[in-house]
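The following exercises are to be worked through with the sequence and the 3D structure at hand. Each task is followed by a solution in steps.

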Amino acid sequence: MEQTKLVELFNSLTLDEKIGQLVQLSGNFFESNDVIPTGPVSKVGIDENKVYQSGSILNTSGAKQLKDIQDRYLEKSDKKIPMLFMADIINGFKTVFPISLGLGCSFDPEMVKKTAQIAAKEAAVSGIHVTFSPMVDLVRDARWGRVMESNGEDVYLNCLYAKAMVEGYQGDNDPSSSIASCVKHFAAYGAPVAGREYNTVELSERTLRDQYLPSYKAAVDAGCKLVMTSFNTINGIPVTGNKEILRDLLRDEWEFNGVVISDHSAIKELIPHGVVEDSKAAAKLAIEAGCDIDMMTSTYSNNLKELVESGQLDKKFIDEACMRVLELKNDLGLFENPYRGADEEAEKKYIMCDEFRQFARETVSKTCVLLKNNSILPLNKNQKLLVVGPYANNNNLSGSWSINVDPEKVITVYDGLKKQGNHVSHTNGSPLLDEDSKLDTFGYGKTVKNDNEDAQTLLEEAMNQAQDADVIIVTLGEHPHQSGEGGARGDITLPKVQIELLKSLRTLNKPIVSLIFSGRPLALKEVDENSDAILQCWFPGTEGGDGIADIIFGKVNPSARLSMSFPYSVGQCPISYNEFSTGRPAKTSTHSKRFTSRYTDMPNDPYYCFGYGLSYSNFTYSNIQLSDNTLTLNNKITARVTVTNDSEIEGTETVQLYIRDLVGSVVRPVKELKGIQKVLLKPHESKEVSFDISEDMLRFIRRDMKFDSEDGQFVAFIGHDSSTENQQQFVLIK
Ligand code: NOJ
């Protein structure tokens, strides 16, 4: 629609109609022909007459269903403004990819972009217009359940992924293959105090700007059309009512002119946060702060009109928010075609088509991180294998956000292994959860209990079957609902019943390969002590079993690297490689050990560090050669290493460049990732890998709060992971 027509339409709207565009309800308000379900209506507290004025729907899909809803909606709508369909499509739609934390471990933004393209295609033909993705929260605390939705702990890497995903979803705005992207949770939702969901965030402005904001900025710069507010406070003010964050920063500084949507119920939650007294004040605070859409509450719907009519709110806030929503609808072409990509025939053709499933399989083998391998893997197809444990033949492999997955289509570990191996058997071995554990599942409040399986009987059966095996593959992990939203844990070890299974099997003195399924880094010390090999499989999605089998039998040589540190124990959380220098560093301080920054009962280092991951090849590095020791504004330095594959197996090495600023006007991180390169090396092949280092890579929020670099000494590190000590010093002179 031409802009002038859009303005005409906007001018014709009543205040009620404008406010309606700012309300989002879930699909169950609209599914049945004329009857509006009363349960959720009374819970949300929205006036039934206003339901059909609301401008967007949350989490409903399917071409036929969405076309029907759109038809009914347009029939009832005076001004015929189409409905927007938004959904949580996080790590794939029907073809489910590994959870985002797993995707982060690929160190491969191009691959991640393609997962977003496939998800967009499947979602677009199913009638969806917007995804609440990417989630680009920087995370450092494995207790927080939502680390599974994030790409990890690194600023640089998260920016690459943020851009890749927005580009992947939005493409060139083709209705049949793209959807609009909503970056979340703006801002800094990944830093809740003590890793507890929905908790306060308390960060200095410097850390916020240097570390937590860049990934959202990268998504905004890549053109994402929406931003979702986070539940947390920043500087004491919940973001949903935080003008400094939503207007001064997002709109004025970053020039974002798309739609801002609240997180689920976040506007109403300004009341229990204690920054407003009632829902009227909540509506006023949020709309003035710059939050355009109210997700799943009646706060805007029931209050904005009265606020305007009583003179307490300037109508311009409603006008600007409404216009943004209309512009988004126009941009998506909904006025010309309100169904947009929804197409039943295309659904049949594309959803879970062979090509998408094959690609998803490849993503599995590029995201499973080989944490340990005492020369056990890869296995020989003729070995007798027992696959045992609660994930041996479990199709619950997609993680808690894959709400559209068809579990029947998921390839289990056993399915995958028996396709490639000649002698594979399986048994459950143990329940997933300990007898006394209780777990509320996602959203519905049902408690998951033990499946009434008798742990002792399962264990005995496993021990019997294992007698006959050459190698035991033990599948261990968390329940998928122990991570994800509301999935914070104070204990990040495996259930005791699973450790008992592992330890019992260990007494048989047979090689043990442990496969770990989790939505977070777990504390794996006991697993390490009782396994010959460990493969971190995350929740690998619909093609999990095939992708894992590809690694187990050596069809694919693992190449993934940890994008989040694995702590030694929960006591180290939060932990990340890029911590700040302290005055008493444990390794180099001249003080006696007691008076350095360390734990008395465990190491400072994580169990597995950021960037770590093994391969079936063995890579070695030469020293770093710098093209120059002095960097200026006009000349770059090139840092070179030679990487050698010192093995008989072709493999991919992810070469990592880190930089340390030795002296700054403020305390600087001990290392920061600044470059990655993947290099494929044939057996015994060597290749030179080079990185350009330029002044802009050295900028940070200085003491004067300017984002700029400072003259002085720097160290460049190039190596296999964040623990590398392969280094050369250079100086910046501006
Ligand atoms: C709440 C979650 O925090 C957010 O990530 C999600 O997009 C919304 N619910 C909608 O389901």
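A residue is near a molecule or strand if one of its heavy atoms lies within 4 Å of it. The model is a predicted one, in which local features need pLDDT of at least 70 and side-chain atom pairs count only at pLDDT 80 or more, while totals for chains, interfaces and linings use all residues. Residues are numbered from 1 along each chain as its sequence is written, and side-chain values use heavy atoms, with hydrogens and water left out.

**Exercise 1. The ligand shell**

Task: Determine how many residues surround the ligand, and which are the closest.

Solution. Step 1: the ligand is surrounded by 14 residues. The closest of these are Asp88, Arg146, Lys184, His185 and Asp263.

Step 2: sort the shell by class. Ala, Val, Leu, Ile, Met, Phe, Trp, Tyr, Cys and Pro count as nonpolar, Asp, Glu, Lys and Arg as charged, and the others, Gly among them, as polar. On this basis the shell holds six nonpolar, three polar and five charged residues.

Step 3: examine the polar approaches to the ligand. Arg146 places a polar side-chain atom 2.7 Å from a ligand oxygen atom. For His185 the distance from a polar side-chain atom to an oxygen atom of the ligand is 2.7 Å, and for Asp263 it is 2.5 Å.

Step 4: consider the cover. The ligand taken alone exposes 300 Å², of which the protein buries 96%. Accessible areas come from the Shrake-Rupley method with a 1.4 Å probe; for residues, only the protein chains shown count as cover.

**Exercise 2. Backbone geometry**

Task: State which peptide bond that ends at His185 is cis, and examine further backbone features.

Solution. Step 1: the peptide bond from Lys184 to His185 is cis, with omega near -10°. His185 belongs to strand E5 (residues 180-186); helices (H or I, at least four residues) and strands (E, at least two) are DSSP runs, numbered from the N terminus.

Step 2: Leu377 and Pro378 are also joined by a cis peptide bond, with omega about -5°. Pro378 is located in the loop between strand E11 (369-373) and strand E12 (384-388).

Step 3: turn to phi. Most residues other than glycine have a negative phi, and most peptide bonds are trans. Ala194 has a positive phi, near 65°, and lies in the loop between E5 and H9. Ser265 has a positive phi near 70° and is placed in the loop between strand E9 (259-261) and helix H12 (270-273).

Step 4: compare accessibility. Buried means under 20% relative accessible area, exposed over 50%, and partly exposed in between (1.4 Å probe, protein chains only). Ala194 is partly exposed at 42%, whereas Ser265 is buried at 14%.

**Exercise 3. Two polar residues**

Task: Decide whether Gln211 is buried or exposed, and identify the side chain with which its own makes a polar contact.

Solution. Step 1: Gln211 lies in helix H9 (residues 205-212) and is buried, with a relative accessible area of 5%.

Step 2: its side chain makes a polar contact with the side chain of Arg140 at 2.8 Å. A polar contact is a pair of N or O atoms within 3.5 Å; within protein, one must be able to donate a hydrogen and the other to accept it, and residues adjacent in sequence count only if both atoms are side-chain atoms.

Step 3: contact means heavy atoms within 4.5 Å. Apart from neighbours within four places in sequence, Gln211 is in contact with Leu138, Arg140, Val155, Phe580 and Pro669.

Step 4: treat Asn232 likewise. Asn232 lies in the loop between strand E6 (226-229) and strand E7 (233-234) and is buried at 1% relative accessibility. The side chains of Asn232 and Ser230 make a polar contact (2.8 Å).

**Exercise 4. Cysteines**

Task: Explain why Cys105 forms no bond with the closest cysteine sulfur.

Solution. Step 1: a disulfide is a pair of cysteine sulfur atoms within 2.5 Å. A search of the whole structure finds zero disulfides.

Step 2: the sulfur of Cys105 forms no such bond because the closest cysteine sulfur, in Cys368, is 9.5 Å away, too far for a bond. Cys105 is buried, with a relative accessible area of 1%.

Step 3: Cys537 is likewise in no disulfide, and the nearest cysteine sulfur, that of Cys368, is 4.2 Å away. Cys537 counts as buried at 1% relative accessibility.
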